[in-house]
Amino acid sequence: MLIRNATLPDGRQRDVRVRGESIAEVGRDLDATDQHVIEATGKRLFPGMVDAHVHFRQPGYPHKETWETGSRAAAAGGVTTVVDQPNTDPPTIDGEAFDQKADFAADSVVDWGINGGVTADWIPNVLLRRRLFALGEVFLADSTGDMGIEADLFADALEAADDNDVPVTVHAEDADYFNDDAKARDDADAWSAFRTAKAEAKAVERACAVAQEHDTTIHIAHTSTPEGVDIASEAGMTTEVTPHHLLLSRRDLSELGTYGRMNPPLRREKRRQKLYERVVDGTVDMIATDHAPHTREEKDASIWDAPSGVPGVETVLPLLLAEARDSDSGLTYERVRDLTARNPADVFGLPQKGGIESGNDADLVLVDTTETSEINGERLHSKCDWTPFEGREAVFPEWTMVRGTVVYERGDALESDDTTPQEDVFYDHQGENVRGTDSERLE
Ligand SMILES: NC(=O)N[C@@H](CC(=O)O)C(=O)O
Ligand SMILES: [Zn+2]
Ligand SMILES: [Zn+2]
């Protein structure tokens, strides 16, 4: 197969030859004899996004999301690798729970990794011998799933992970710095007033100090404050930022209500802008969504009773591409590529992912950045039929390919002879564990 005359993120126009599951050649005027040609003139080709932080909710909460619906949403958003977090039921804290989740993940149309969780009941020796993507998110404070842990356990977990060469990701909030005065309020902003920016900064500081004591590195999940990013980056650790912390702030809460409740919470507009600067200038390593779907029924509660979390896996790359279209944002297409593909692949050690280079997996996304459309929650493919980004401009993929197989084609991008609107199409494809296959499972 030959993808002809695509514009790469750095602006070069190239043909890309896909053979089997891999990119065979990137060059100019490649021979198209006997090739299935996909015309890409005037369109941009990106490496598929590696989203290091999603919650696909199976096993345990299939009414919120399943591996089928979550991975379809990923594919429709140009995400070709997802990493699932451990706060499922059962939590992914032992070998059996890992294996059970891996069986569900077989429904995924995109490639995947599974993280292992840390609680007082975890079985490190067994868990760390599974093909884990990483240990984490290790919850330093309670979030959805109530998996918050004590300081001693964090240090033990770091040591165990280090001994097994498994990366560690951390949900860094410290409940000692939550502001109980906010509990007297019942407006949506009370959640942001309660889970303070300081609670994040303090937890990042402590987690980084423990990592340094153990002469190892950690990755801070969903950093929501410039303070948190700076502390982590100065300590030599890596960070991710979510699309909601990048693009939304406390100002949006009057409209979002409990649909804007997540952990860590939305911050003041000033902080959001400083976070954005750090995403632009390279201090932040990657964007990850923390895709955390909950149903409308669950979200329609008081600010203290509603569950924390917002979906994001289908809208992240489309939103970032819309930002990159706007030259005032400072965000370039190359930076978007680094934040969504190259850096997560580097940080988590996936040499075959993250770039349009010969030899890499053919994980590709074709987009037409000359046009935007408005995000509409009901048209998204997650079970969660709402989004905090309703109405925002976005650039959705025309198609998404995972290891050489087109897994998704957007309906209105398909050629059609009549005027009836075409449905989006998903194709059968079995995503693989990016850490290795079942048959290679270590015992
Ligand atoms: N971010 C959230 O607010 N919620 C996440 C858990 C988490 O990432 O902390 C969830 O699983 O719902
Ligand atoms: Zn978290
Ligand atoms: Zn999370």
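## Zinc site

Along the chain, the residues that donate to the zinc ion (ligand 2) are spaced as E-x33-H-x50-H. In this predicted model, these protein donors are Glu137 through OE, His171 through ND1 and His222 through NE2, at 1.9 to 2.1 Å from the zinc ion (ligand 2). Glu137 also coordinates a second metal: the zinc ion (ligand 3) is 3.5 Å from the zinc ion (ligand 2), and Glu137 binds both.

Glu137 and His222 link distant parts of the chain, being 85 residues apart. Glu137 belongs to strand 9 (residues 135–139), whereas His222 sits in the loop that runs from strand 11 (219–220) to helix 7 (226–234). Both Glu137 and His222 are buried.

## Ligand 1

There are 17 residues around ligand 1, and those that come nearest are Arg57, Asn87, Ser143, Asn263 and Asp290.

Oxygen atoms of ligand 1 also pair with N or O atoms of the protein. For the side chain of Glu137 the distance is 2.9 Å, and for the side chain of His55 it is 3.2 Å. With Gly309 the partner is a backbone N or O atom, 3.2 Å from an oxygen atom of ligand 1. On its own, ligand 1 has 320 Å² of accessible area, of which the protein covers 100%.

## Annotated domain

An unreviewed UniProt entry lists residues 45–375 as "domain: Amidohydrolase-related". Across residues 45–375, helix accounts for 36% of the chain and strand for 13%. The C-alpha atoms at the two ends of this range are 21 Å apart.

Definitions and conventions
Residues numbered from 1 in each chain as written. Chains lettered and ligands numbered in written order. Predicted model: local features only at pLDDT ≥ 70, side-chain atom pairs only at ≥ 80, totals over all residues. Heavy atoms only, no water. UniProt positions renumbered as here; feature names shortened; annotations may be inferred. Helix = DSSP H or I, 4+ residues; strand = E, 2+ residues; numbered from the N terminus. Donors = N, O, S within 2.8 Å, 3.2 Å for Na, K, Ca; no water. Buried < 20%, exposed > 50% of the residue type's maximum accessible area, 1.4 Å probe, protein only. Near = heavy atom within 4 Å. Polar contact = N/O pair within 3.5 Å; in protein donor to acceptor, adjacent residues only side chain to side chain. Areas by Shrake-Rupley, 256 points an atom, 1.4 Å probe, with all protein chains shown as cover.
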